[in-house]
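Visitor: Hi! I'm new to this one and would love a walk through it. Could you pull it up for me?
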Amino acid sequence: MASSFSRILSSKRKIQILSLVGGSVTAGFLLHRDHVSAGGVPVRRSYPASAEYPDLRKHNNCMASHLTPAIYAKLCDKATPNGYTLDQAIQTGVDNPGHPFIKTVGMVAGDEESYEVFADLLNPVIKERHNGYDPCTMKHPTDLDSSKIHSGNFDAKYVLSSRVRTGRSIRGLSLPPACTRAERREVERVVVEALAGLKDDLAGKYFSLTQMTDEEQQQLIDDHFLFDKPVSPLLTCAGMARDWPDARGIWHNNDKTFLIWINEEDHTRVISMEKGGNMKRVFERFCKGLKEVERLIQERGWEFMWSEKLGYILTCPSNLGTGLRAGVHVKLPRLSKDPRLNTILNNLRLQKRGTGGVDTAAVGGVFDISNLDRLGLSEVQLVQTVIDGVNYLIECEKKLEKGQDIKVPPPLKYFK
Amino acid sequence: MPFGNTHNNFKLNYKVEEEYPDLSKHNNHMAKVLTKELYGKLRDKQTPNGFTLDDVIQTGVDNPGHPFIMTVGCVAGDEESYEVFKDLLDPIISDRHNGYKATDKHKTDLNFENLKGGDDLDPAYVLSSRVRTGRSIKGFTLPPHSSRGERRGIEKLSVEALTSLDGEFKGKYYPLKSMTDAEQEQLINDHFLFDKPVSPLLTCAGMARDWPDGRGIWHNDSKTFLVWVNEEDHLRVISMQQGGNMREVFRRFCVGLQKIEEIFKKHNHGFMWNEHLGYILTCPSNLGTGLRGGVHVKLPKLSTHPKFDEILTRLRLQKRGTGGVDTASVGGVFDISNADRLGSSEVAQVQMVVDGVKLMVEMEKKLEKGEAIDSMIPAQK
């Protein structure tokens, strides 16, 4: 395994240079034109870029906002060293025009190099999605030192559960939209081997989706751990559900407080959670677990995809940076009826979701409250923001209980 | 999905067993044929347009199938797929099309005058008659592989050809992406409008990409001849009308198809056809004639007779509900059509429908009178 890995790396570096100097499209009549792309293998193009440019007039997503005909023409003949193309990256955004009120990202990365090869499109998309963060000039801070967190133990009368999640990608292997079956299986092998080295409160077990027993499946459903084949067209149109359920699985520790999804929307999704309001402890376990897993894969010659500009590299540009969503399920029955709630949340840099997760409604005044931001702020900063914000919301709820009025807090600054 | 050629070459860095799909829980034609050895033999091949083995089989890998229904589990991305991947597709074609051999020749007969009868199916029983087929335009890749530019090129050519028709074929094209609400409503009421495919058999093969770009519906003014553009195939051609005059439906079908084909030939883009596989379409199940000729027929008594399915099999017919494939029959009304596509001609297949339905209506009438039908049960055709 290690030898094939190094073989791939060396050939990738070689052809990386070729792909970045790939030629542009010459206009002309309808002829078959062969272009030498990465690896010296021709890619057939019969039509000029203008005939291939997607119709985005009814679209409302970040990709559609920034993919001009000029950028399309510049990038449409390029491919990453693995052969991932612009058309593949934007397919999900072309197929899903979006919602008039929710702006989706509309594109994905097929591998780490996508963020370089298609930077002319991805940079403006990243800028729009992440509050003006400019990958060309800015650096992303990574900070997994949980000792810096304060006041992270919420009143359990209000906070029912606490959770922190992120994603990690294995450098050298393509991402879910583009990975081959062999690559996906390699991700599974690398991660499961590493997880087997976890000890004590982190010791656990892997459940492969292809081999789990009916009993194991039922237990995982009851624990709310089991993830299903993606049905959202945002994901399926990007090719992330191919070959399901091959090489997909769930790992969790025996205490059921630390959980890893393998090969769903990212190589790995890492989740730390527990009932009640001890967000500090949840984050401590999160950081400890992540650092342990990283150490274990490094022992075997692997590493996570990370760069100074973009932080942790994940499939969806919306998850760059920390890839972190820290949140609580919190009971705010009175505040939920207050018309100022959305402004308060926005100013605290928080978002609300229903307790079923994204795209669900709140039930019984119980909300999922989590951080809005991902990139440009560190993990510690984001978790502290959630803690400070949730504390504020609980104070508001208590005030309303006593018949007092609440104040809308001033908006937080984006990049500190 | 149209992965670049480089992507396929990149996979070759991995061993065959590392890339070979897990088909242990699968039940489709592709899974029956694709051994690890065959995968290893074909995986470095691609058509001149860059369609690869993994592109061919992706839909079959993603859709293990149903324990009782055997799906095909693979598609063609272009005409050359049937050559380049013949070691996989020939056995599948043989299995699906009654033992059709790699050396067999397929007969095309679109001369409607060769059909005997067909104009006298009892309208008290036969509510409507319909014949459909597909056509692919030479020089373009097929829906699983086509780019937006190609799909638009197909649409442009098709619209040019169709709008030049006159007489009984004079009509209008409605592109999906610029249809008005009123037009959409009318097309739905006429049962003409096709929707974005939701079946994972189609979406996993990449046929719904860029929807609704380059897709549309053309029909003649009298609403008896209809063409779908860029749905599961380049063109789906449909002739239909109320009542039991299958002969007239088939006449219009043949005449219309031949007029359209002439126009495409003039533009140097004839239909994909060869003497071994007949008309080339996206799904191997539609090779040959690509023809499904059928009726909606009331058979409440016959359909509950214990020998109904056997009668259908012997007549080389299949039943569906009136909502089409995978629907149930309502009120004893069935969609009855030919089961075969490859190895017999259009005339022969429609003849089987005409003769078979006529016989079944006779049987229904006998059962109404309380008489037995055992002597009428035919031998296997």
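Visitor: How many residue pairs are in polar contact between domain 1 of chain A and domain 2 of chain A?
Guide: This is a predicted model, and it has nine such pairs between the two domains, with both residues at pLDDT 80 or more.

Visitor: Which elements on the domain 1 side touch domain 2 there?
Guide: Helix H5 (86–95), helix H6 (114–117) and helix H7 (119–129) of chain A each give two or more residues to that side.

Visitor: And how do the residues of that side divide into nonpolar, polar and charged?
Guide: On the domain 1 side you'll find eight nonpolar, seven polar and five charged residues.

Visitor: Okay, salt bridges. What's the count between the two domains?
Guide: Two salt bridges link domain 1 and domain 2 of chain A. As for salt bridges in the model, Glu116(A) forms one with Lys309(A), and their closest N and O atoms are 3.3 Å apart.

Visitor: Let me back up. Where do the domains of chain A run?
Guide: The domain assignment puts domain 1 at 43–130 and domain 2 at 146–402. Their contact takes 20 residues from domain 1 and 23 residues from domain 2.

Visitor: What separates their centres?
Guide: Taken over C-alpha atoms, the centres are 27 Å apart.

Visitor: And what area do they bury between them?
Guide: About 1,800 Å², with 63% of it on carbon and sulfur atoms.

Visitor: Which three residues of domain 1 supply more of its buried area than any other three?
Guide: Those are Glu112(A), Tyr115(A) and His130(A), which supply 35% of the area that domain 1 buries against domain 2.

Methods: Residues are numbered from 1 along each chain as its sequence is written. Chains are lettered from A and ligands numbered from 1 in the order in which they are written. This is a predicted model: local features need pLDDT of at least 70, side-chain atom pairs count only at pLDDT 80 or more; totals for chains, interfaces and linings use all residues. Side-chain values use heavy atoms; hydrogens and water are left out. Domain bounds come from an automatic or database domain assignment. Contact means heavy atoms within 4.5 Å. Buried area is the accessible area (1.4 Å probe) that two parts lose on being put together, summed over both. A salt bridge is a side-chain nitrogen of Lys or Arg within 4 Å of a carboxyl oxygen of Asp or Glu. A polar contact is a pair of N or O atoms within 3.5 Å; within protein, one must be able to donate a hydrogen and the other to accept it, and residues adjacent in sequence count only if both atoms are side-chain atoms. Helices (H or I, at least four residues) and strands (E, at least two) are DSSP runs, numbered from the N terminus. Ala, Val, Leu, Ile, Met, Phe, Trp, Tyr, Cys and Pro count as nonpolar, Asp, Glu, Lys and Arg as charged, and the others, Gly among them, as polar.
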